[in-house]
Amino acid sequence: MATEISTPLKGHCTCKTITYEVLAPFLCTNCCHCTWCQRETGTAFVLNAIIETSNFRITSETKPVLIDTPSASGDGQMIARCPNCYVVLYSDYGGDGTWTTFVRVGTLDYESKKTVKPDIHIFTSTKMDWIDLTSEKERGVPIMEESYRWSQVWRKDAIARLDLLKLKIDEAKKAEEGAGMGKEESQI
Ligand SMILES: [Zn+2]
Ligand SMILES: [Zn+2]
């Protein structure tokens, strides 16, 4: 499932007020067919590519605005929009935005986004009937009715990076005793 990706990947909103870079290959790319993502994107599914926030950088002077938005998991998400054209660039789920960023694949430059394919399809119980995932199944991509645990699906190198991230989260938790900002493995 691994894809050859040369980083940094670059992306921007429609008016180019916001530009960003992704400094490492994505950990995992979720194709989510839940009704929430359908509504929030105005289409049949969303492509969210997950990256450590430390490997994601806004390169424009202007920063996105963060809008608190509900999500299917119930944990909510902060959706980052351009303050000028309001296109969504990325979202942070479950309040752990300090650690992982879910990039909207469609905002990557064409050359970058061509390299990104779903690693998993989730919430397919509400997928549109006309979307045929047969070729995705043949490609070996897991198809989940609902959510999944990251450790079940992610590539080995991505899990190693996730473990490293968990260590950092634990360290930060200790450093900020009582702040309660760490997060267990997520189910999005
Ligand atoms: Zn814009
Ligand atoms: Zn969804």
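Two strands count as paired here if DSSP finds at least two bridges between them, a criterion that applies to each of the close-up views of this predicted model.

**View 1. The hairpin of strand 7 and strand 8 has six residues between its strands.** Strand 7 (residues 77–81) and strand 8 (residues 88–93) pair in the antiparallel sense, and five bridges hold this pairing. Gln77 stands opposite Tyr93 of strand 8, and in the hairpin Tyr86 takes a positive phi near 65 degrees.

**View 2. Strand 6 runs antiparallel to strand 7.** Five bridges join these two strands, and among the residues involved is Asp68, whose bridge partner in strand 7 is Met78.

**View 3. Seven strands form an open sheet with mixed pairing.** The strands follow the order 6-7-8-9-4-3-10, with strand 6 (65–69) and strand 10 (120–122) as the edge strands, each of which pairs on one side only. Neighbouring strands of this sheet are turned against each other by 30 degrees on average, with direction ignored.

**View 4. Strand 1 and strand 2 form a hairpin with six residues between the strands.** The two strands, of which strand 2 covers residues 19–22, pair in the antiparallel sense over four bridges, and Gly11 stands opposite Tyr20 in strand 2. Lys16, in this hairpin, takes a positive phi near 65 degrees.

**View 5. The side chains alternate along strand 1 (residues 9–12).** Leu9 and Gly11 point to one face and are buried, whereas Lys10 and His12 point to the other face and are not buried.

Methods: Residues are numbered from 1 along each chain as its sequence is written. Chains are lettered from A and ligands numbered from 1 in the order in which they are written. This is a predicted model: local features need pLDDT of at least 70, side-chain atom pairs count only at pLDDT 80 or more; totals for chains, interfaces and linings use all residues. A residue is buried if 20 or more other C-beta atoms lie within 10 Å of its own, exposed if 12 or fewer, and partly exposed in between; C-beta atoms are placed from the backbone. Axes are lines fitted to C-alpha atoms, for helices over the stretch in contact, and angles run from 0 to 180 degrees between N-to-C directions.
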